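Thanks for making the time this morning. I would like to go through one model with you, beginning with its sheet and finishing with some backbone angles that deserve a second look.

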Amino acid sequence: MRKYEVMVIIDPDIDDRQVQPTLDQHLAVITKGGGTVDNIDIWGRRRLAYEINKKPEGIYAVIDLTAEPADVKELERLMTINEAIVRTKVIRPEERRVEPRKSESRTEA
């Protein structure tokens with residue numbers, strides 16, 4: 001099992017009360033596979049950096065979960081099929097590492 005962070009942007013035309021059930025419907029794949037949903041943080045409506053599908057805003061949600069890679073791949077596949085979900089991004093938080101800078105040596109001629 002690995003930890004993942006999933007960022008989801010949902011279509012702003014959806015009613016705010018339907019956001020949680022929409023997410024829960026897709027997260028059932030994770031729980032059926034033996035994984036756990038650690039946290040769901042719904043940020044609400046935010047302005048997008050650029051328009052997607054001619055819409056200037058979206059409903060953001062960040063989901064922290066622990067699951068098998070195959071289950072997360074299936075979750076992402078199902079989310080891309082759903083028209084209510086505009087964008088998804090799945091990352092593994094422990095992979096965010098900063099490489100040490102190599103010392104630059106300057107030679108004078």
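In this predicted model, the pairing of β2 with β3 is antiparallel and extends over 11 bridges. To give you one position to find on the screen, glycine 44 has tyrosine 60 in β3 as its bridge partner.

Let me widen the view to the whole sheet, which is open and has four strands in the order β2-β3-β1-β4, with antiparallel pairing. At the edges are β2 and β4, the latter spanning 85-91, and each of these two pairs on one side only. From one strand to the next, the twist averages 20 degrees. Packed on this sheet is helix α1, made of residues 19-32, which touches β1, β2, β3 and β4, and the direction of α1 makes about 130 degrees with that of β2.

Now to the backbone angles, and to the loop that lies between β2, residues 36-52, and β3, residues 55-67, where we find asparagine 53. As a general reminder, most residues other than glycine have a negative phi. Asparagine 53, although not a glycine, has a positive phi of about 55 degrees. Lysine 54, which is also placed in the loop between β2 and β3, is likewise not a glycine and has a positive phi, here of about 60 degrees.

Are these two residues, asparagine 53 and lysine 54, buried or exposed? Asparagine 53 is exposed, with a relative accessible area of 60%, and lysine 54 is exposed too, its relative accessible area being 77%.

Definitions and conventions:
Residues are numbered from 1 along each chain as its sequence is written. This is a predicted model: local features need pLDDT of at least 70, side-chain atom pairs count only at pLDDT 80 or more; totals for chains, interfaces and linings use all residues. Side-chain values use heavy atoms; hydrogens and water are left out. Buried means under 20% relative accessible area, exposed over 50%, partly exposed in between (1.4 Å probe, protein chains only). Two strands pair if DSSP finds at least two bridges between them. Axes are lines fitted to C-alpha atoms, for helices over the stretch in contact, and angles run from 0 to 180 degrees between N-to-C directions. Contact means heavy atoms within 4.5 Å.
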